[in-house]
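Please look through the sequence and the model below before reading on. The explanation is meant to be followed with the structure open beside it.

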Amino acid sequence: RILLPTLCFFFIYAPLLSKTFRIYLIFDALKNLEKRSILLSDLIVSIVVVIAIQVIIDTLWLSLTLYVPVRIEPVNDPTVYYLSCGTPDQSTSFDFNLLFLLISIVYCAIVLLVGVVLAFS
């Protein structure tokens with residue numbers, strides 16, 4: 001579930017960024033009074049690249065944060081235990097969830113910044 005917000009963001013924003021880039025190229029060509037054709041295949045490639053980078057980040061995230069069932073035993077009743085999702089050794093493992101969450105947020109911010117720069121230039 002933690003991967004869905006970033007993937008959904010890029011499935012919505014990547015085509016908008018691609019269209020913004022197309023408009024930027026059209027107006028940039030008008031400055032030099034030249035004709036420029038932008039193929040749909042070029043836009044599709046840019047959309048796929050933007051989404052593929054996020055998919056790679058998410059794949060690394062899932063592969064490095066392998067979840068296993070962790071046994072939790074209450075102090076007052078040793079005959080009962082609960083299973084919870086966790087990493088094999090939570091006390092000494094590096095927090096990859098936080099690292100990849102920050103990487104995803106930074107990547108989203110960079111793509112948003114590129115879109116803003118293209119829209120206002």
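The paragraphs that follow go through the helices, their packing and the cysteines.

The model is a predicted one, and a convenient place to begin is helix α2, which covers residues 40-64. At a rise of 1.5 Å a residue, the 25 residues of α2 should span 36 Å, and because its end C-alpha atoms are 36 Å apart, the expected and the modelled span agree. The buried residues of α2 are Leu-43, Ile-47, Val-50, Ile-51, Gln-54, Ile-57, Asp-58 and Trp-61, and what covers them includes α1 and α3. An α-helix has 3.6 residues a turn, so residues three or four places apart point the same way. Val-55 also belongs to α2, but with a relative accessibility of 36% this residue counts as partly exposed, because buried would require a value under 20% and exposed one over 50%. Although Val-55 and Thr-6 are 49 residues apart along the chain, their C-alpha atoms are separated by 9.4 Å.

Helix α3, made up of residues 96-120, can be examined in the same manner: its 25 residues should span 36 Å at 1.5 Å a residue, and the distance of 36 Å between its end C-alpha atoms agrees with that. Within α3, the buried residues are Phe-100, Ser-104, Tyr-107, Cys-108, Val-111, Gly-115 and Leu-118, and they pack against α1 (residues 4-31) and α2. Ile-105 lies in α3 as well, yet its relative accessible area of 47% makes it partly exposed. Between Ile-105 and Val-116 there are 11 places in sequence and 16 Å in space, taken from C-alpha to C-alpha.

How, then, are α2 and α3 arranged with respect to each other, and what is the angle at which their axes cross? Two packed helices are described by the angle between their axes and the distance between the axes. Here the axes come within 9 Å and cross at roughly 175 degrees, and because an angle over 145 degrees counts as roughly antiparallel, that is the description that applies to α2 and α3. On the α2 side the contact is made by Val-49, Val-50, Ile-53, Gln-54, Ile-57, Asp-58, Leu-60, Trp-61 and Leu-64, while α3 contributes Phe-96, Asn-97, Phe-100, Leu-101, Ile-103, Ser-104 and Tyr-107. By character, the residues of this contact divide into 12 nonpolar, 3 polar and 1 charged.

Helix α1 enters the picture through Ser-18, which is found in that helix. Ser-18 counts as buried because its relative accessibility is 5%. Leaving aside its neighbours within four places in sequence, Ser-18 is in contact with Leu-43, Ser-46 and Ile-47; of these contact partners, Leu-43 and Ile-47 are themselves among the buried residues of α2.

That leaves the cysteines, and the question of how many disulfides the model contains. A disulfide is a covalent bond between the sulfur atoms of two cysteines. The count comes to 0 disulfides, and for Cys-8 the reason is distance: its sulfur lies 11 Å from the closest cysteine sulfur, that of Cys-108, which is too far for a bond because the two atoms would have to be within 2.5 Å. Cys-108 is likewise in no disulfide, the sulfur of Cys-8 being the nearest to its own. Their surroundings can be set side by side, since Cys-8 counts as partly exposed at 43% relative accessibility, whereas Cys-108 counts as buried at 12%.

How values were computed:
Residues numbered from 1 in each chain as written. Predicted model: local features only at pLDDT ≥ 70, side-chain atom pairs only at ≥ 80, totals over all residues. Heavy atoms only, no water. Helix = DSSP H or I, 4+ residues; strand = E, 2+ residues; numbered from the N terminus. Expected span 1.5 Å × (residues − 1). Buried < 20%, exposed > 50% of the residue type's maximum accessible area, 1.4 Å probe, protein only. Contact = heavy atoms within 4.5 Å. Axes fitted to C-alpha atoms, helices over the stretch in contact; angles between N-to-C directions. Parallel < 35°, antiparallel > 145°, perpendicular 65-115°, else oblique. Nonpolar A, V, L, I, M, F, W, Y, C, P; charged D, E, K, R; others polar.
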